[in-house]
Protein chains: 2
Amino acid sequence: MTKQTRSQSVTDQLRELVLQGTFNPGERLYEIALAERMGVSRTPVRDALNTLKIEGLLDYETQRGYGVREFGTHDIVAAYEARAALEGLACRLAAENGLTKDDLAILERCVSDGDSLLSSGKLLPENLNLYRQMNVDFHETILRASGARILADLVRQTHNIPFASNRIMVWDDYQIIHRSHDDHHRIFEAIAHQQSKRAEALMQEHVFFAGQVLKKHIEAKARIAEEPGERG
Amino acid sequence: MTKQTRSQSVTDQLRELVLQGTFNPGERLYEIALAERMGVSRTPVRDALNTLKIEGLLDYETQRGYGVREFGTHDIVAAYEARAALEGLACRLAAENGLTKDDLAILERCVSDGDSLLSSGKLLPENLNLYRQMNVDFHETILRASGARILADLVRQTHNIPFASNRIMVWDDYQIIHRSHDDHHRIFEAIAHQQSKRAEALMQEHVFFAGQVLKKHIEAKARIAEEPGERG
DNA sequence: GACTCCCCAAATGTATACATGAAGGCGAGT
DNA sequence: ACTCGCCTTCATGTATACATTTGGGGAGTC
């Protein structure tokens, strides 16, 4: 990891805090309080707040400061739908342009690495990070291969929603992970054979499905959390 | 227009300068020089540079400052394709949810205003701003009606590319404008009748077509600009 | 007792001083 | 004369002092 400035470091820390739900929705964030908490001056904190505002994680009003933006299931689903459309598009462009040998090799490696990690019939907890990294690599390689940096930028935006990050997945169902990795197989095949339309459709479904899984997961969790109160 | 801070004002000015091509691609932007030029201190300038970096207009390297990002025809086309996908999605969601009476009324108004402006068989120069505003209203209303703020955010991003703004259009061909407004008619109809799939397809084509027109326009201009040099 | 107006406190906006790092030129040594 | 390394210079990164605005609380009046 290359050296980074305090502004960048604070931005990353604060983004992580917000994405992890450390703050309550709507909670106001004070520059001075954050600066003291992080052990820096207001300057890097202001940079970070400004950045997260543009990324869409914070609300802002002139002379009134920043607040944590509220996100509902609806927003998460919309983010996944947007991501599905964008990554589908990137996938099609990549297939149309044709990949470099290097990029093709990376994708092939991702697919075979995934096969290994899943070969035992389950995903071992110690392999979770490896699988996650493989998944990120797969998607980022395709975005890069699309040749359109703006698509990568837009997709990055769609990750900036609590629960919607590509690093957060539903891991408790081997069947779902297996099916997801099966999608990777077919996407790779479609790209390699320049079946651009098929590649687009597969990627759209791949991402959309992940969104649906996450949605059900969140709703189930919310139901459980509410039950004790509903009994009274 | 509500009062805004210097940071916001400088950001808007600088964004406009970059979008209008005031700086050469790759040109470096110095904080101090900009601050003097704009008559403010480095603080608002730094805010602005940070903002435009995240919006994707500037490149940045730690301890090395900011530079104007280069955009090619390829980027512009990709931006339009992304916008087509996103606005198509928003249009479908809006049609599925159903619009409020107010939003429906706004769209209807946009359509009939456009009819008036084009009724003479051409678009008069003094009506150009009115038409442009109508067009912006139409698209923004649909984005709002989609109920997904993230879509509006993402679409805004796609405007942050030189030549790709929704405020820049190719105005010299009445036929094209007329066809574009005809799309609005049909999109309105599809939304009003909750024909969500049709609404999505129409909007996708509507935006994609605008991108194609712009692409040809840019290429034609580039050809003309190069000719004198090619003769030598 | 409630309402209004004014003043103060606190938070954000802006400027500037200071710190750090990077790049290029100049001088010394070979 | 050429190369290596240091040193100067300048631009960015960070902290802090100062300015402005907002909102609330207290005092005074009806």
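In this predicted model, A:Arg92 reaches across to B:Glu81 and forms a salt bridge with it, the closest N and O atoms being 2.6 Å apart. That pair belongs to a wider set of charged contacts, for the count between chain B and chain A is 8 salt bridges. Polar contacts are found across the same boundary as well: 12 residue pairs, with both residues at pLDDT 80 or more, meet the rule for a polar contact between chain B and chain A.

On the chain B side, the residues that touch chain A come from several elements, and α3 (42-55), β2 (58-61), α4 (73-97) and α7 (149-159) of chain B each supply at least two of them. Among these elements, α4(B) gives the most, with 10 residues. Sorted by class, the side of chain B that touches chain A has 14 nonpolar, 10 polar and 10 charged residues.

The extent of the interface can be given both in residues and in area. In residues, 34 from chain B are in contact with 35 from chain A. In area, about 2800 Å² is buried between chain B and chain A, and carbon and sulfur atoms give 55% of this.

Turning to the partner, chain A has a secondary structure of 9 helices and 3 strands. Read from the N terminus on, the elements of chain A run α-β-α-α-β-β-α-α-α-α-α-α. The C-alpha trace of chain A spans about 55 × 50 × 30 Å along its principal axes.

Within chain B, a contact between two helices can be followed residue by residue. Helix α1 (residues 6-19) of chain B packs with helix α2 (residues 31-38) of chain B at an angle of about 105°, and their axes lie 12 Å apart. Angles of 65 to 115 degrees count as roughly perpendicular, and α1(B) and α2(B) are therefore roughly perpendicular to each other. From α1(B), the residues B:Val10, B:Gln13, B:Leu14 and B:Leu17 meet B:Leu34, B:Arg37 and B:Met38 of α2(B). The residues of this contact of α1(B) with α2(B) divide into 5 nonpolar, 1 polar and 1 charged.

Methods: Residues are numbered from 1 along each chain as its sequence is written. Chains are lettered from A and ligands numbered from 1 in the order in which they are written. This is a predicted model: local features need pLDDT of at least 70, side-chain atom pairs count only at pLDDT 80 or more; totals for chains, interfaces and linings use all residues. Side-chain values use heavy atoms; hydrogens and water are left out. Axes are lines fitted to C-alpha atoms, for helices over the stretch in contact, and angles run from 0 to 180 degrees between N-to-C directions. Helices (H or I, at least four residues) and strands (E, at least two) are DSSP runs, numbered from the N terminus. Angles under 35 degrees count as roughly parallel, over 145 as roughly antiparallel, 65 to 115 as roughly perpendicular and the rest as oblique. Contact means heavy atoms within 4.5 Å. Ala, Val, Leu, Ile, Met, Phe, Trp, Tyr, Cys and Pro count as nonpolar, Asp, Glu, Lys and Arg as charged, and the others, Gly among them, as polar. Buried area is the accessible area (1.4 Å probe) that two parts lose on being put together, summed over both. A salt bridge is a side-chain nitrogen of Lys or Arg within 4 Å of a carboxyl oxygen of Asp or Glu. A polar contact is a pair of N or O atoms within 3.5 Å; within protein, one must be able to donate a hydrogen and the other to accept it, and residues adjacent in sequence count only if both atoms are side-chain atoms.
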